[in-house]
Amino acid sequence: KAKGLKVKAEWLLPQGFPFDNTGPPKIELNSTKVHGSKIIRLKRKNSWARYKSMLIAKNSGMYHPATPGQKRSQLEALKNDIYVELEHMEWNMKHMEAVNRAGDDWARDHASEVLWLYYEDCRADTRECFKRIYDFIGVDASHVSGKKASMYESIFASYGDTDATLDHILNKGEIKELLGINGWGHFLHNEKYIPVQFLSYEENEILTDSRAYMGI
């Protein structure tokens, strides 16, 4: 038998970093029997896709679509393309990075052994993902049965597509630039971002709008 505890990485951040932490009440994770256990560290590779899914959920009023059909309904519920507040986006994505680092460090410090898993990989090959989990915790996969087991195994496979594009976003150019400046350009399907500085020494009619002149 395997027994486990689900821990959100946000609970591991220090109090007040950078907001009042809302961890589970009356649980001090550092002093529990979690110490020395095997830990499965599951996270997402693409922070932009995660942030965008949060925006779509908020603007559609539909959260956690579990099937492609529910995902389509969520997108149909959007009345307009979403204007992304740049400061809000940058703060949240940097916060996600801080949460990931805290989760990784905590797992290394507390686990006897860590299994590193990515959401995207589990979607691409759900069977292999769960095989790794069963092998890691020492459970014979042939003994895993019942409604709950099949439900959990279908979560990644049937979940709506992870959308790492700029579809349904109003200010695409600003978002693309912000991702590039922060080194997140690869979140848009490995798209390269090359910063270019254009210096004009004459303020004539052609060079007044350098973006139009350069075709940028």
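These are my notebook entries on a predicted model of one protein chain.

**Entry 1: the whole chain**

I started with the secondary structure, and I counted 8 helices and 2 strands. Reading along the sequence, I wrote down the pattern β-α-α-α-β-α-α-α-α-α. The chain has 216 residues, and buried residues make up 31% of them. I then looked up the contacts with a sequence separation of 6 or more; residues 24 or more positions apart account for 71% of these.

**Entry 2: Arg41**

Is Arg41 buried or exposed? I found Arg41 in strand β1, which covers residues 38–43. Its relative accessibility is 8%, and buried means under 20%, so Arg41 counts as buried. Next I looked up what Arg41 touches, leaving out residues up to four places away in sequence. The list includes Ala9, Val99, Asn100, Asp104 and Trp116. Gly103, Ala107, Val114, Leu115 and Leu117 are also on it.

**Entry 3: charges over rings**

I looked up Arg44 and Lys45 next. The charged end of Arg44 sits over the ring of Tyr119, at 4.6 Å from the ring centre. Lys45 lies over the face of Tyr118, and here the distance to the ring centre is 5.3 Å.

**Entry 4: aromatic pairs**

How many aromatic pairs does the structure hold? I noted 2. One of them is Trp48 with Tyr51, 6.3 Å from centre to centre, with 35° between the planes, and it is tilted. Trp48 and Tyr51 are 3 residues apart in helix α1 (residues 47–60), so about one helical turn separates them. I checked their burial: Trp48 is buried, and Tyr51 is buried too.

Phe130 and Tyr134 form a pair with ring centres 6.1 Å apart. Their planes are at 50°, and planes under 30 degrees apart would count as stacked and over 60 as edge-to-face, so this pair is tilted. Phe130 and Tyr134 lie in helix α5 (residues 126–137), 4 residues apart, which means about one helical turn between them. Both Phe130 and Tyr134 are buried.

**Entry 5: α1 against α3**

I went back to α1 to see how it packs with helix α3, which covers residues 86–110. The angle between α1 and α3 is about 125°, and the axes are 10 Å apart. The cut-offs are 65 to 115 for roughly perpendicular and over 145 for roughly antiparallel, so α1 is oblique to α3. The crossing of α1 with α3 is right-handed.

Which residues of α1 meet α3? I listed Ser47, Trp48, Arg50, Tyr51 and Met54. On the α3 side I listed His88, Met89, Asn92, Met93 and Met96. Trp48 and Tyr51 from my aromatic entry are therefore among the α1 residues in this contact, and they are the pair about one helical turn apart.

**Entry 6: Asp109**

I stayed with helix α3 and looked up Asp109, which lies in it. Asp109 has 56% relative accessibility; exposed means over 50%, so Asp109 counts as exposed. I also compared its position with that of Gly36. The two residues are 73 apart in sequence, but 8.9 Å apart in space, C-alpha to C-alpha.

**Entry 7: His168**

Where is His168? I found it in the loop between α6 (147–158) and α7 (172–181). Its phi is positive, about 70°, although His168 is not a glycine. I noted this because most residues other than glycine have a negative phi. His168 has a relative accessible area of 27%, so I entered it as partly exposed.

Technical notes
Residues numbered from 1 in each chain as written. Predicted model: local features only at pLDDT ≥ 70, side-chain atom pairs only at ≥ 80, totals over all residues. Heavy atoms only, no water. Buried < 20%, exposed > 50% of the residue type's maximum accessible area, 1.4 Å probe, protein only. Contact = heavy atoms within 4.5 Å. Phe/Tyr/Trp six-rings, centres within 6.5 Å; stacked < 30°, edge-to-face > 60°. Lys NZ or Arg CZ within 6 Å of the ring centre and 35° of its normal. Axes fitted to C-alpha atoms, helices over the stretch in contact; angles between N-to-C directions. Parallel < 35°, antiparallel > 145°, perpendicular 65-115°, else oblique. Left-handed = near helix turned anticlockwise from the far one by under 90°.
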